[in-house]
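Welcome, and thanks for taking a look at this one with me. Please have the sequence and the 3D view open side by side as you read.

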Amino acid sequence: MTQQASAPRMSLLRRKLSFYITLILLLSGKTFAQRVLWADKILGYSSEYRNKDSGQGFRSKQILDEPNKLPDFGYSPCAWQSAMPDGRNEEWIKVGYKESISLKQIAIAENFNPGAVIRVYAYNDAGKEFLLYDEKAAPIAVRGRMLRIFPKQENLVANAVKVILDPSKVAGFNQIDAIGISSGTEPIEALINVAPSALKDEKKENLGKAVNSKGQEINPIISADGRTLYFTRADYEKNIGSPSKQDAWVSTLDKSNNWTEAVNLGPPVNNSGDNAIIGVSADGKTIYLINVYLPGGGLVYGLSKSFYTKNGWSFPKEIKIQNLYNENEASEFAISPHGNVLIMSVQRKDTEGKKDLYVSFIKEDESWSEPKHMGLVLNSASDENSPFLGLDNKTLYFTSSGRSGYGGGDVFLSHRLDDTWLNWSKPENLGPNINTAKHDSYFNIPAAGDYGYFSSADNTLGREDIFRIRLTPSIKPDPVATVTGSVFEFETTTPVKAEITAKILKTGETFSKTTFDGETGEFKLILPLKEAYVITASQKDYFSTTEDIDLVDETGFRTIHKNLYLQAVKPGQQIRLANNMFTQSSANITVTSYQELDRIIGIMNEYPEMEILLEGHTDNQGDVKKNVKLSEDRVLEVKKYLVTKGIGSSRIQTKAWGPAKPIASNLTEATRQKNRRVEFTILKM
């Protein structure tokens, strides 16, 4: 009886154990999807289509890795096709996998003209061949399919697959996008790599008749403050010259946040040719344009820029790019909001397929380096176009028809992984709230990152319209800060034209430049967070001034207003150097202070007859004699640095005051810090 009673107890125990394991897995949220391997090597093929205008498109290597077209169907250069359509001979391709698996399923992604597959073989580690599929070829009344084969053989371990086609039975080219294998029987699907937490509840908004017409509106370029929208309009009777040509138009937000009726920018930006704005500077005072404008009114291929003046936009000036050429009839460009990086969509000799993304960098003479291919993570054998670089200078948005999507061209994002600009994260699709079965492109985002603006051919008033959609954090660029302000003369507070430079504090690298002229509004800089910056205003005959902007601990978008004041270079002028020039109770100059001393050197080199007086001051804490000695050591250390940089010793006098000349109270640490200073006075010029 004991043995009879023990059997059901053990069965009950197993059931309880199984229940608790299942419960734990459910509560932990863990799911175990089957593993799919996609081919990673070509072991042989009968033929492949080659065309000088297709780059690497249609070749055998296009079958490798995960699908590039499915779940959408249609003709694609990112799939393998044989050299000739409708051939009488069989065509075949054999692929290998990075490891052997217990084979339960083969998935063949027939993206175009399916039905030509007649036999499929698998191979084990010893190279033994197993016939798994044997059917007659025949046309199928669908654009494409995922052909799934479930082997009947038991214990089949395989690491290679061969697919044989009879192209004579299915008219036209027969394309295969990818070949996957799995040890599971759940049907293998082609998946779109959608960005995590992509838009779900947000709906795209047509900007309406003030912006969109029955013609074509594309390429929205939104200003950093989000209140000015430039765009390109074609097939419109009010364009300058022929309605079929493109013109640049502009609309602004009114006080009620409605877009005003769009206005043609007119000459000199628009002429009888194709005109379009491809970017706008952070301060909104420079626009970048396709084509080079000739004095006689014509256009040639290239790029130009126009500056905003009190009389309107200037005649566009050529941007010189080393060895710029394009073998495609179309091209798109995007310039970094900081004006130092240019990304372009062009077709060149080393292009993977059609148009690819290339990067170019500004040089010291303000020309640009030869375009460099941005690599195969971003580029495919199909078109990559309409790039846009986020204001964080590392999030790239572009349209591609060379990776799994919803049809047409889809908008993707990728993150820059290093400073080479050649290493990028795997592109992520922005999802079905933005991407449709039609062409979606030209994504653009203002500094606040609240909305994304883009062009779409879906649900429009005309050919293509401009839409916007509210963004979620996962698809925004990293937050930035907007720094605005004016530059004034210190004594008179009148505006002074100046160059504004933002340098990264820890490296001294120039991150961004702009100008202030007093006639066209404040200067504006866009600075990514998580860095500290030194902002410098400089102008001839003035001593440059700096302000620190610390964004290391900031986490969200913010606007900072900062006015800068310049002091004229003239006899008797006294300049106070930074309070943090020395380490605590020491005469050691901090590394970050060399930039400020280098500005003194620059002025003294500019004025060879200039002589100065360096004066050192301390607070009143501690022994007076020691403070006087400390202030003396500090000015001598500054003098020593200037001399080592080529400034004659006789041009520099020194004076140590210790605590004798405070400029603020010594009651608190904050005010005492102001008293710990070095000043220089111009004695003669």
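How many bridges join strand β29 to β30, and in which sense do the two strands run? Strand β29 (residues 451-456) and β30 are joined by 6 bridges and run antiparallel. Please keep in mind that this is a predicted model.

**The sheet around β30**

Let us stay with β30 for a moment. Strand β30 covers residues 465-470, and 5 of its 6 residues are buried, so the strand is mostly covered. Two residues of β29 help to place the pairing: Y453 has R468 in β30 as its bridge partner, while S455 stands opposite I466 in β30. β30 also pairs with strand β10 (residues 205-206), where 2 bridges join the strands and the sense is again antiparallel. Here N206 finds its bridge partner in F467 of β30.

These strands belong to an open sheet of 4 strands, in the order β10-β30-β29-β28, with antiparallel pairing. At the edges stand β10 and β28 (440-444), and each has a single partner strand, so one side of each is left without a neighbour in the sheet.

**A sheet of five strands**

Another open sheet is made of 5 strands in the order β2-β3-β8-β5-β6, and its pairing is antiparallel. Which strands stand at the edges of this sheet? They are β2 (41-45) and β6 (129-134); each has a single partner strand, so one side of each lacks a neighbour in the sheet. From one strand to the next, the twist averages 25°.

At one end of the order, β2 pairs with strand β3 (residues 91-102) in the antiparallel sense over 4 bridges. Within this pair, Y45 stands opposite I93 in β3. At the other end, strand β5 (residues 117-123) is joined to β6 by 5 bridges, and these two run antiparallel. Y123 has E129 in β6 as its bridge partner. The hairpin of β5 and β6 has 5 residues between the strands, and G127 there takes a positive phi near 85°.

**Backbone points in the loops**

Several loops hold backbone angles that are worth finding in the viewer. The table collects four of them.

| Site | Backbone feature | Value |
|---|---|---|
| L70 to P71 | cis peptide bond | omega near 15° |
| P267 and P268 | cis peptide bond | omega about 0° |
| N257 | positive phi, not a glycine | phi about 60° |
| T493 | positive phi, not a glycine | phi near 55° |

Where do these sites fall along the chain? P71 is in the loop between β2 and β3, two strands that also pair with each other in the sheet of five. P268 lies in the loop between β14 (263-264) and β15 (277-280). N257 is found in the loop between β13 (247-252) and β14. Is N257 buried, partly exposed or exposed? Its relative accessibility is 46%, so N257 counts as partly exposed, given that the partly exposed class lies between 20% and 50%. T493, in turn, has its place in the loop between β32 (487-489) and β33 (498-504).

**I652 and its surroundings**

Now please move along the chain to I652, which sits in strand β43 (residues 652-658). Its relative accessible area is 3%, so I652 is buried, the cut-off for that class being under 20%. Which residues are in contact with I652, leaving aside its neighbours within four places in sequence? They are M604, I612, L614, K639, L642, V643 and I647. The C-alpha atom of I652 is separated by 9.8 Å from that of I682, which is 30 residues apart from I652 along the chain.

**Enclosed space**

A last stop takes us to the empty space inside the model. Rolling a probe the size of a water molecule over the atoms shows where empty space is left. The structure holds 3 cavities of 30 Å³ or more. The largest cavity has a volume of about 70 Å³. It is lined by 13 residues, and the closest to its centre are D72, R403, G405, G407 and G408. What is the make-up of this lining in nonpolar, polar and charged residues? The lining of the largest cavity divides into 1 nonpolar, 8 polar and 4 charged residues, with glycine counted among the polar ones.

Key. Residues are numbered from 1 along each chain as its sequence is written. This is a predicted model: local features need pLDDT of at least 70, side-chain atom pairs count only at pLDDT 80 or more; totals for chains, interfaces and linings use all residues. Side-chain values use heavy atoms; hydrogens and water are left out. On a 1 Å grid over the protein atoms alone, a cavity is a set of points where a 1.4 Å probe fits but cannot get out, and a pocket is an open set with protein on both sides within 12 Å along at least five of seven lines; lining residues have an atom within 4 Å of a point. Grid points are joined across faces, edges and corners, and a volume is the space filled by probe spheres set on the points. Buried means under 20% relative accessible area, exposed over 50%, partly exposed in between (1.4 Å probe, protein chains only). Contact means heavy atoms within 4.5 Å. Two strands pair if DSSP finds at least two bridges between them. Axes are lines fitted to C-alpha atoms, for helices over the stretch in contact, and angles run from 0 to 180 degrees between N-to-C directions.
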